[in-house]
Amino acid sequence: MFEEMDKDFILHSYGRNYVNFTHGAGAKVWDDQDNEYIDFTSGIGVVSVGHANERVSNAICDQAKKIIHISNLYLIEPQAKLAKSLVEKSGYDMRCFFANSGAEANEGAIKIARKYGEVDGEPKRYKVITLKHSFHGRTISTLKATGQEKMHNYFGPFPDGFVYADDIDHIASLIDDHTVCVMIELVQGEGGVEPQDKAKVQQLAKMLKERDILLAIDEVQTGIYRTGELFAANLYEIEPDIITVAKGLGNGVPIGVVMTTLKDIFSPGDHGSTFGGNYLVTRAAFEVLEILDGYKNSGGLDASLFYFEKRLHEFVEKYPDIIEKAVGLGLMRGLRIKSAALLSALVENAFNEKLLVLKAGRNTLRFLPPLTISREETDEGFARLEKAFAATKAS
Ligand SMILES: *Cc1c(COP(=O)(O)O)cnc(C)c1O
């Protein structure tokens, strides 16, 4: 019944799977037939502290009963508290602007870079260099910032000023007098869970600083402890000028943030958002950060990501005929599969075993479990993955 309703009334922009989930707890979700699934996707890196997290649910309920929204024309206490917490935990001397999604956070980053290029001397600069296998969002300008050609079908004309480098090594040769910013992911998510080389990133950061070109790190997927540190930039030991955040910050409430060291780049009227950073989402996100900060400091996060990686490597050894190699960092992991057909079979077989997993790029089986996934949930997920691999191998 709801499947028909969905098909009749929702635009068909997703390859949608018609299972009707009704509730969750931790890394588990249940459908309307009461089937239990293990969630190794956390809703594409969003539900970082688990489904129906009690502390987050309580914060949301408490806030909803008081006030949800008043607009950015007034002080919003939980927004100020969240910004302070993000900045202090990051170790970077930055200020925040709150938006509602990753794409919008990246729009903010592009606007910051463009304004910097406009006011920072002559000639005026506007070009942003991104990478070919990047993903930065679905709005017109973040689509254009996304280097993957297949994303540029239809929808033109796009805004000018985006240049694509094949990889980090290729960036320097693309810089000209109009270049103002380089925007990259430190682990490409949609592009195939591909971590960049730390030494090369550090070298890039140094070169850009010398040439007064901004470095923007898209941490929409890597941010909020996904790679083991608050930001992947912390792990790579670099000091970006701009960081964008979204997915894992709100545990499901829609929130995006652009953070920058250019503390006075915007004047009133330069940028805005009706919903951005309202009471509800910033109160929830503040709670998420508190939970994860405690989890990290207790050693729980490191233990959990170490264990997940160890379990994945068992599969690399056991199924050399299906898997090329393991990729990724922290709890942003992938198995590079030998063919796209095998990958599709694996995802389908996993689903039949009631395990949710993701694809990335052409041939990567992707895992983004809740950061707080328990040992028992991890083991249960891998037991199901084992069955999916066995079924794929047999067919
Ligand atoms: C998901 C993602 C985006 C887009 O975020 P939305 O919230 O879907 O707009 C941008 N950049 C990266 C790296 C992402 O993974």
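Helices, of at least four residues, and strands, of at least two, are taken here as DSSP runs and are numbered from the N terminus. The model described is a predicted one, and two of its features are considered in turn, a pocket and a sheet.

The second largest pocket encloses about 700 Å³ of space. Its lining is made up of 30 residues, of which Asn72, Gln79, Cys96, Phe97 and Phe98 are the closest to the centre of the pocket. Three elements, namely helix H4 (77-90), strand S4 (95-99) and strand S12 (256-260), each contribute at least two residues to this lining, and the greatest contribution is that of S4, which provides four residues. In terms of residue character, the lining of the second largest pocket comprises 16 nonpolar, eleven polar and three charged residues.

Strands of a sheet pair through backbone hydrogen bonds, in either the parallel or the antiparallel sense. In this model, an open sheet of four strands is found, with the order S1-S2-S3-S15 and with mixed pairing. Strand S1 (21-25) and strand S15 (355-356) occupy the edges and have a single partner strand each, so that one side of each remains without a neighbour in the sheet. The pairing of S15 with strand S3 (residues 36-39) is parallel and extends over two bridges, and within S15 it is leucine 356 that stands opposite aspartate 39. Helix H12 (residues 375-394) lies across S1, strand S2 (28-31), S3 and S15, and the direction in which H12 runs makes an angle of about 100° with S3.

Definitions and conventions: Residues numbered from 1 in each chain as written. Predicted model: local features only at pLDDT ≥ 70, side-chain atom pairs only at ≥ 80, totals over all residues. Heavy atoms only, no water. 1 Å grid on protein atoms, 1.4 Å probe; cavity = no way out; pocket = protein on both sides within 12 Å on 5 of 7 lines; lining within 4 Å. Points joined across faces, edges and corners; volume = space filled by probe spheres on them. Nonpolar A, V, L, I, M, F, W, Y, C, P; charged D, E, K, R; others polar. Pairing = 2+ DSSP bridges. Contact = heavy atoms within 4.5 Å. Axes fitted to C-alpha atoms, helices over the stretch in contact; angles between N-to-C directions.
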